[in-house]
Amino acid sequence: MRGRKITLNAVAGLSLHLVMIIYNFIFPRLVMQIYGSSVNGLLQSITQFLSYIALLDAGVSAVIRVKLYKPLADGDLKMIQRIVNSAKDFYKKISYSFVAYTAVIAIILPFTYKAHFDFGYVLVLILIIAISTFAEYFFGISYTVLLEADQCKYISYLIQIISVIFNIIAVVILIKFRLSIHLVKLATAFIFAMRPIVLALYCRRRYRFTPNNKALEPIQNKWVGFGHHIAYFLHTHTDIVILTFVKGPLVVSVYSVYSMIINALQTLLGYISGGIEAAFGNMIAKREKENLAKGLKVYEMAIFSLTTTFFSTAAVTIFGFVKVYTAGVKDVDYIIPNAAIILIFAEVVHCLRKPYEAVVMAAGLLKETMKGAFIETGLNLGISIILVWRYGIVGVAVGTLVAMLFRTIQYTVFVSENVVIRPLAEVLTKMMLFVALFFTLYLIGNKVSFVCNSYLAWFGWAVCVFMISGICVLILDYIVFRNELKYFISYGKNLLKSRR
């Protein structure tokens, strides 16, 4: 059952990722063409500033998931309802705080862009973009956490796929008719706001919720996930905020193009491995230590392999894509080689820690690893702020990389010494072999000159690089993860047989 749910989550996640790639590809490109890079940078900045309300979540979602693993494994519906109802009360308080936070941002942020846009222009955009975030916290996020803990996140993915498809249609039509960016964002905000409402209706029916089933407070230590949440949040949001204040909307627009590509790959890995943390949580709740150890090794193989393949391909082909994607956009130079490779490698390091992060979250060992999260946050902020003034995007990229290196090593050491006991040197050696392969593929690929004048030419080049990278990774897998590779292939064969 666990394997089937992991597969369903992965398939649904990949499908969502595909439509998200289409949306994230179409929307910024149309905005840059029709409204200019400054408007694109403005939208990116507003989105990032509004998303800072997620700091009030403070990692509670991770704590809630951990609390749900045991009652879900035991089929204790009353306790499940108590936990989710408690979570709903917490998230509603965040949504009310978000209203106040939005009002503050709507007053302050327009002054930052006063040299580029009118006060009212920015203020109205902020209020419009805030709609979907408010709906997410008020209606749907507690149910999203429940489905994830129950290894049924594919249901949430399917609802999101439908909303994204409707958004793509709306964006293309409205921008092609050259309506104002405010009307475009208003349409997308309302469509995205419907997703959490539909999700809430579905879950309330599936789990037969009773509103008053919360006599006892089932979620103790809500704030124990604070450090982890802050670290993750800053990893994904710090760079754009710092660049907004120091360098302005044009540089933010440049950064957002590279961020779009890198985040798409990172998200793809997340969707492929959807449900792994919940599966680990189920194993821990049932005290299946051997299955946990085997599952971690297989997950390591998958993440190390996919990370190396995806990001080595990106490192070699990213500039060809950026040149085609920004063709005709002349208001700023989008080619920044040094920053691109540093940003890509920082994400490689971040993705390599996913197996250990999943085990820590599944085991609820958040307090034990919180110190490392705060150190990571300090490194990221401190280095980025110091270097951004002189080096711009390269400076914030270096800050992110150093922080990621520290945190990945910390996670690896902790899990190897406290959860799945094994020699640390063995784990780090495997990790370094894949890092070495990543740089080898990047350096060799960079020696090959290939001119991309169209998306079709770039796609053909990317497929060739991807296949070569994949073959090299499989060879390394056979050497380093031979037993895990055999198990993975066997699992795939059994899955196909069962479907037939």
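Let us start at a single residue: Ile421 is exposed, because its relative accessible area of 62% is over the 50% cut-off. This residue sits in the loop that links α15 to α16. Along the sequence, Ile421 and Ala293 are 128 residues apart, yet their C-alpha atoms are 8.7 Å apart in space. Please keep in mind as we go that this is a predicted model.

Stepping back, we can take in the whole chain. It contains 18 helices and 0 strands. Of its 500 residues, 55% are buried. If we look at contacts between residues at least 6 apart in sequence, 86% of them join residues at least 24 apart. The pair we began with, Ile421 and Ala293, is 128 residues apart in sequence.

Now for some helices that pack together. Two packed helices are described by the angle between their axes and the distance between the axes. With that in mind, let us visit α11, which covers residues 289-325, and look at two of its partners.

One partner is α16, made of residues 424-447. The axes of α11 and α16 are 8 Å apart and meet at an angle of about 20°. Angles under 35 degrees count as roughly parallel, so α11 and α16 are roughly parallel to each other. Their crossing is right-handed. On the α11 side, the contact is made by Lys297, Glu300, Phe304, Ser305, Thr308, Phe311, Ser312, Ala315 and Val316. From α16 come Glu426, Val427, Lys430, Met431, Phe434, Leu437, Phe438, Leu441, Tyr442 and Gly445. Sorted by character, the residues in this contact of α11 with α16 are 11 nonpolar, 4 polar and 4 charged.

The other partner is α9, spanning residues 249-272. Here the axes of α9 and α11 lie 10 Å apart, at an angle of about 150°. That angle is over 145 degrees, which means that α9 runs roughly antiparallel to α11. This crossing, too, is right-handed. Residues of α9 in the contact include Val257, Tyr258, Met260, Ile261 and Ile262, and among those of α11 are Leu306, Thr307, Phe310, Phe311 and Ala314. How many of the residues in the contact of α9 with α11 are nonpolar, polar or charged? There are 18 nonpolar residues, 2 polar ones and no charged ones. Phe311 is worth finding in the model: this residue of α11 takes part in the contact with α9 and also in the contact with α16.

From here we can move to α15, the helix on the other side of the loop that holds Ile421. Helix α15 covers residues 393-418, and its axis comes within 9 Å of the axis of α12, residues 337-352. The two axes cross at roughly 20°, so α12 and α15 are roughly parallel to each other. In this case the crossing is left-handed. On α12, the residues that meet α15 include Ala339, Ile342, Leu343 and Phe345. On α15, Val394, Ala397, Val398 and Leu401 are among the residues that α12 meets. Taken together, the contact of α12 with α15 has 13 nonpolar residues, 4 polar ones and no charged ones.

Let us now go back to earlier parts of the chain. Helix α6 runs over residues 153-176. Its 24 residues reach 34 Å from the first C-alpha to the last, close to the 34 Å expected at 1.5 Å a residue. Just beyond α6, Arg178 has a positive phi of about 55°. Within α6 we find Asn167, a buried residue with a relative accessible area of 0%. Setting aside residues up to four places away in sequence, Asn167 touches Tyr23, Thr188, Ile191 and Phe192.

Thr188 leads us on to α7, where it is one of the buried residues. Helix α7 has 26 residues, 181-206, and reaches 39 Å from its first C-alpha to its last, close to the expected 38 Å. Its buried residues also include His182, Lys185 and Arg195. Just after α7, Arg208 takes a positive phi of about 50°.

Our last stop is Thr102, in helix α4, residues 77-112. Is Thr102 buried or exposed? With a relative accessibility of 6%, under the 20% cut-off, Thr102 counts as buried. Apart from neighbours within four places in sequence, Thr102 is in contact with Leu50, Ile126, Leu127 and Ala130.

Definitions and conventions: Residues are numbered from 1 along each chain as its sequence is written. This is a predicted model: local features need pLDDT of at least 70, side-chain atom pairs count only at pLDDT 80 or more; totals for chains, interfaces and linings use all residues. Side-chain values use heavy atoms; hydrogens and water are left out. Axes are lines fitted to C-alpha atoms, for helices over the stretch in contact, and angles run from 0 to 180 degrees between N-to-C directions. Helices (H or I, at least four residues) and strands (E, at least two) are DSSP runs, numbered from the N terminus. Angles under 35 degrees count as roughly parallel, over 145 as roughly antiparallel, 65 to 115 as roughly perpendicular and the rest as oblique. A crossing is left-handed if the near helix is turned anticlockwise from the far one by less than a right angle, and right-handed if clockwise. Contact means heavy atoms within 4.5 Å. Ala, Val, Leu, Ile, Met, Phe, Trp, Tyr, Cys and Pro count as nonpolar, Asp, Glu, Lys and Arg as charged, and the others, Gly among them, as polar. Buried means under 20% relative accessible area, exposed over 50%, partly exposed in between (1.4 Å probe, protein chains only). The expected span of a helix is 1.5 Å times one less than its number of residues.
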